Every structure is written in C-alpha cells, then in structure tokens.
Amino acid sequence: MHIHVEDVELAGSHAPLLLPTSLEARSGEVTLVAGDPGYGHVGLALAVAGRMVPAAGRVLVDGIEDRARLQRAVALVDLAGVSEPDGGLPVRAVLAEELALAARPARRRDVLSFLAQHEAGELAGERWEHVPAGLRTAWLAELAGSRRGVEALVLANPDRFGGDPFAWWSVAHGLAARGLAVVVQCTHASARLLRHPVHHELGASA
C-alpha cells in the first residue's frame, strides 16, 4: 500500500484546521510527522484514513483517490476524541472492545489470556489511564493492526501521555516489520529526542 497525501488543506469553523501538508506512507515503512499539538494532527489523521474530505489537495492510495478503501484499510490508533479509550474504564473493558473490533473472542477469559501473554495479568482491573503509556500504545496498536483488512495504522500522538518515546517508536517499527504502513504523529520535541529525521512537517508542504 502506498498512501500519498498531496498538499491537503482542511477547513475549520473560523480558521484553517490544517495548512497544506504532504506526506507519503508505504507498506513496511514508518513515516514520522512532527508538528505543534492541536486539531491539525487530528484532522490529518482523519484525512489519511479517508474520514475527512480535504478543502484542497487530495489523498491517493496506490495512485488513485479511493476514500472507501482508506476507510477500510487505515486504522486510527488512540486518536483523541475519535478512537481514544475512556481513561476511566477498567483495562479489561477497553481490551474487550478492542478484541471485538479485531473480530477476536472478547470474553473475560480472552482478555485475561491477552494480558497474560503480555505478562500484565495484574492490570485487568486497573483504570486504563493508570496503565503506563507505552503499554497502552503497544496494546492498542497491536490489536488495531490485527483487524481484518487493515493495511495501515496512524499512531496518533502517543507522546501526549508522556513516557519514553522510544517505547512507541519501537512499537511502530515492529508493526512495519509485519508489512503495515505506519504513520506516527508527534511533537517536534519528541522527534528531537528520537534523533530521527522528520519525514514531514505538519502544516507545511513536503
């Protein structure tokens, strides 16, 4: 899969939500997008996933405009206000929902089995927001990547919860190694910590 975001702009109620932004994401690769925190990141993620129509520019998948395919093939991981789990829910409830979205058995014993595989069985009753940020991102990304038909993931600003950026960066590369196209959104500060070249800047043409 090759996703090409070509000079996409998004309109807001009173001001542009996203200034012209371009990026490319390919199967087996990680694409890093850095920018200031805010609605621009959310809008870009929605555009990549075919869930928001650009005011200008276009999003191509394998060379053509196909929003339906993007909606089927791109999973949004922990996008604020969209796919972000309720932090007050117990871990078992969040994971049960994510397992169900992946069309996997989602009974209590299935959740406990998932946690046991990740050596985290003691966290089943904890509030989701109390789980270390790196674990939350890893679990959500793993389950999103296992959904039927998913070919690409957008890891939506995992650095907003703090923690070690190398934790989610490693997760992203593990998913790419499985053949997924992975877009990671973060702040400039996180990108500097990673000491990795930023592929694209939010709100500026690439």
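## Salt bridges, sheet and cores

At 30% relative accessibility, Glu-24 counts as partly exposed. This is a predicted model. Glu-24 falls in that class because partly exposed residues lie between the limits of 20% for buried and 50% for exposed. Its partner is Arg-26: the two form a salt bridge, with the closest N and O atoms 3.0 Å apart. Arg-26 is also partly exposed, with a relative accessible area of 35%.

**Salt bridges**

The count of salt bridges comes to nine. Three of them are set out here, including the Glu-24 pair.

| Acid | Base | Closest N–O distance |
|---|---|---|
| Glu-24 | Arg-26 | 3.0 Å |
| Glu-151 | Arg-69 | 3.1 Å |
| Asp-78 | Arg-160 | 3.6 Å |

Take Glu-151 and Arg-69, whose side chains meet in a salt bridge. This pair links distant parts of the chain, 82 residues apart. Glu-151 sits in the loop between α5 and β6, while Arg-69 belongs to helix α2 (residues 67-73). Is Arg-69 buried or exposed? Arg-69 counts as buried, because its relative accessibility is 19% and the limit for buried is under 20%. Glu-151 counts as partly exposed, at 26%.

The salt bridge between Asp-78 and Arg-160 has a closest N to O distance of 3.6 Å. Asp-78 lies in the loop between β5 (74-77) and α3 (91-101), and Arg-160 in the loop between β6 and α6 (165-177), so the pair ties together parts that are 82 residues apart in sequence. Asp-78 is buried, with a relative accessible area of 8%. Arg-160 is partly exposed, at 33%. Salt bridges with shared partners also join Asp-62, Arg-69 and Glu-151 into one network.

**The open sheet and helix α1**

Three strands make an open sheet, ordered β2-β1-β4, with antiparallel pairing. Which strands are at the edges? They are β2 (16-26) and β4 (56-61), each pairing on one side only. On average, neighbouring strands here are turned by 10 degrees against each other, direction ignored. Strand β1 (residues 2-11) pairs with β2 over seven bridges, in the antiparallel sense. His-2 stands opposite Arg-26 in β2. Arg-26 thus appears twice in this report, since it is also the salt-bridge partner of Glu-24.

Helix α1 lies across β1, β2 and β4. Its angle to β2 is about 50 degrees. How many of the ten residues of α1 (residues 39-48) are buried? Nine are, and the helix is mostly covered. The buried residues are Gly-40, His-41, Val-42, Gly-43, Leu-44, Ala-45, Leu-46, Ala-47 and Val-48. Just after α1, Gly-50 takes a positive phi of about 70 degrees.

**Nonpolar cores**

The largest nonpolar core holds 38 residues. Leu-95, Trp-139, Leu-153, Leu-155, Val-182 and Val-184 touch the most other members. Helix α6 gives the most to this core, with six residues. A second, separate core has 28 residues, among them Ala-49, Leu-70, Val-154 and Val-183.

Which residues does Leu-153 contact, neighbours within four places in sequence left aside? They are Ala-75, Val-77, Ala-141, Ala-144, Gly-145, Leu-175, Leu-180, Ala-181, Val-182 and Val-183. Val-183 is a member of the second core.

**Ala-181 and Arg-147**

Ala-181 is placed in strand β7 (residues 181-186). It counts as buried, at 1% relative accessibility. Ala-181 and Glu-29 are 152 residues apart in sequence, yet their C-alpha atoms are 5.5 Å apart in space. Leaving aside neighbours within four places in sequence, Ala-181 contacts Ala-25, Arg-26, Ser-27, Gly-28, Glu-29, Glu-151, Ala-152 and Leu-153. Two of the salt-bridge residues are in that list: Arg-26 and Glu-151.

Arg-147 is found in the loop between α5 (133-145) and β6 (152-155). Its side chain makes a polar contact with the side chain of Glu-98, at 3.3 Å. With neighbours within four places in sequence left aside, Arg-147 is in contact with Ala-75, Glu-98, Leu-101 and Ala-102. Ala-75 is also among the contacts of Leu-153.

Notes:
Residues numbered from 1 in each chain as written. Predicted model: local features only at pLDDT ≥ 70, side-chain atom pairs only at ≥ 80, totals over all residues. Heavy atoms only, no water. Helix = DSSP H or I, 4+ residues; strand = E, 2+ residues; numbered from the N terminus. Polar contact = N/O pair within 3.5 Å; in protein donor to acceptor, adjacent residues only side chain to side chain. Contact = heavy atoms within 4.5 Å. Buried < 20%, exposed > 50% of the residue type's maximum accessible area, 1.4 Å probe, protein only. Pairing = 2+ DSSP bridges. Axes fitted to C-alpha atoms, helices over the stretch in contact; angles between N-to-C directions. Salt bridge = Lys/Arg side-chain N within 4 Å of Asp/Glu carboxyl O. Core = buried A, V, L, I, M, F, W, Y, C linked by side-chain atoms within 4.5 Å.
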